[in-house]
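User: I'd like to learn how to read a model like this one, feature by feature. Could you walk me through it?

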Amino acid sequence: MALPKRILLIAPCRMMTTLAFERAAQLAEGLNGTLRIVAFVPQDQGRALQNPSASTDARHSPLWAFQRWLNAEASLLSKAGLHVCAEVLWCPRTVANMCSYIKEAEVDYVIKDIEEDRSAQGPTLSTLDWQLLQESPVPVLLVKTQGDMSSRRIIVAVDILHCEPEIVEMNRCLIETGYLLVRSFGASLHLLSVYDRHALPVAHGDERRPASMLSAHHARQHFDALADQYAIALQNRHFIVSEAPDSISRYVSQNGFDVLVFGTKDHVSTDLLLGRTERCVLGDPPCSVLAYKSRRLLDSSVSHDADKFAPMHAF
């Protein structure tokens, strides 16, 4: 019998509930899994929160108050029948600490609110979120709070230009992950593929000439065959012919999708699938995004040089 799925919610480092709390609970419930909530509170922020004139009793510590608040939020989610636990870690809020925690807790999915950096070009995905997508050993769902609160439309980006076994396997994992979200969120599943001649396989020894002259017509046939295999409705199939680097982001945004599922850049299929568009998609995500990493990359993706944790265990 399969073990229950373990969901990890990385909470904000301030006492505030967000849409990610709801999404994490929905996913845990949909997968009949368990939910763990963790907040990483940097030490300088913890010291800044403390009142120098306050008692040194731990019960008067703002970090202790944070733990009580997080426990209360966990209790609310538990009323729906979920198994929920929560803890506050007083340590740097770095991707190394997060990935070490993810590995030690042996979770299956990570959920976190999208954080943005502001620049002259406008909002962009924060460095922390970008690194987490690339280095997390398990799939990461970044929740965009400005989107539709219902998350009714899930779109999965697949690669149909290549037929290597690892790419076929990645497409399978992406679609099955999309279906997990559909069942958890009560949503519909859509399939997306972009036909970009620049992303066609390259002949060995000649980077200027494609190894395959796969036409858009034949690519569409491959796409429909994959969609048929997973019973994707005709109206939910989206095949784009475009060389524009922002084609995926623009299409997802214009058509009101709520979650985009795709493979991470580490994997060769996604390098070719999203290629030049990946940084456009993630530069200012058009919606919530779920990044999936190939299983063969999991063991090598977590750093073992993380800073030491200073946990405040639940009482």
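User: Let's start with a cysteine. Is Cys163 buried or exposed?

Analyst: Happy to help, and please keep in mind that this is a predicted model. Exposure is read from the relative accessible area, where a value over 50% counts as exposed and one under 20% as buried. Cys163 has a relative accessible area of 69%, so Cys163 is exposed. Cys173 comes out at 9% relative accessibility, which makes Cys173 buried.

User: How many disulfides does a search of the whole structure find?

Analyst: The general idea is that a disulfide is a covalent bond between the sulfur atoms of two cysteines. Here the search of the whole structure returns zero disulfides.

User: Let's step back to the chain. What does its secondary structure come to?

Analyst: The chain has ten helices and 13 strands. Of its 315 residues, 51% are buried. The accessible surface is about 15300 Å², and carbon and sulfur atoms hold 52% of that surface. For a sense of how the fold is connected, take the contacts with a separation of 6 or more: 78% of them join residues 24 or more positions apart.

User: Now the interior. Which residues touch the most other members of the largest nonpolar core?

Analyst: A nonpolar core is a set of buried nonpolar residues linked through their side chains. The largest one here has 58 residues, and Leu35, Ile37, Ile111, Ile154 and Leu191 touch the most other members. Helix α6 (residues 165–185) gives this core its largest share, eight residues. There is also a second, separate core of 37 residues, with Trp130, Leu133, Val138 and Ala157 among its members.

User: What does Leu35 touch, leaving out residues up to four places away in sequence?

Analyst: Leu35 touches Ile7, Leu9, Ala24, Ala25, Ala28, Leu77, His83, Val84 and Cys85.

User: You mentioned α6. How far apart are its end C-alpha atoms, and what span should its residues give?

Analyst: The test is to multiply the rise for each residue and compare the result with the model. At 1.5 Å a residue, the 21 residues of α6 should span 30 Å, and the end C-alpha atoms are 30 Å apart, so the two agree. Just after α6 comes Gly186, with a positive phi of about 65 degrees.

User: Which residues other than glycine have a positive phi here?

Analyst: As background, most residues other than glycine have a negative phi. Two cases to look at are Asn32, whose phi is positive and near 50 degrees, and Glu106, with a positive phi of about 55 degrees. Asn32 sits in the loop between α1 (19–30) and β2 (34–41), and Glu106 in the loop between α4 (95–105) and β4 (109–113). Asn32 is exposed at a relative accessible area of 66%, and Glu106 is exposed at 51%.

User: Let's try a strand. Why is β12 described as largely enclosed by the rest of the structure?

Analyst: The way to read this is to check burial residue by residue along the strand. In β12 (residues 288–292), five of the five residues are buried, so the strand is largely enclosed by the rest of the structure. Ser288, Leu290 and Tyr292 point one way, while Val289 and Ala291 point the other way, and all are buried.

User: Which strands are joined to β12 by bridges, and how do they run?

Analyst: Strand β7 (residues 140–143) runs antiparallel to β12 and is joined to it by three bridges; Leu141 has Leu290 as its bridge partner in β12. Strand β11 (residues 259–263) runs parallel to β12, with five bridges, and Val259 stands opposite Ser288.

User: Polar residues next. Is Glu73 buried or exposed?

Analyst: Glu73, in helix α3 (residues 62–78), is buried at 15% relative accessibility. Beyond its neighbours within four places in sequence, Glu73 is in contact with Thr17 and Phe21. Its C-alpha atom is 9.8 Å from that of Met16, 57 residues away along the chain.

User: And where does Ser242 lie?

Analyst: Ser242 lies in the loop between β10 (237–241) and α8 (247–254). Ser242 is buried, with a relative accessible area of 16%. Leaving aside neighbours within four places in sequence, Ser242 is in contact with Val194, Tyr195, Asp196 and Ser247.

Notes. Residues numbered from 1 in each chain as written. Predicted model: local features only at pLDDT ≥ 70, side-chain atom pairs only at ≥ 80, totals over all residues. Heavy atoms only, no water. Core = buried A, V, L, I, M, F, W, Y, C linked by side-chain atoms within 4.5 Å. Buried < 20%, exposed > 50% of the residue type's maximum accessible area, 1.4 Å probe, protein only. Helix = DSSP H or I, 4+ residues; strand = E, 2+ residues; numbered from the N terminus. Contact = heavy atoms within 4.5 Å. Pairing = 2+ DSSP bridges. Expected span 1.5 Å × (residues − 1). Areas by Shrake-Rupley, 256 points an atom, 1.4 Å probe, with all protein chains shown as cover. Disulfide = S-S within 2.5 Å.
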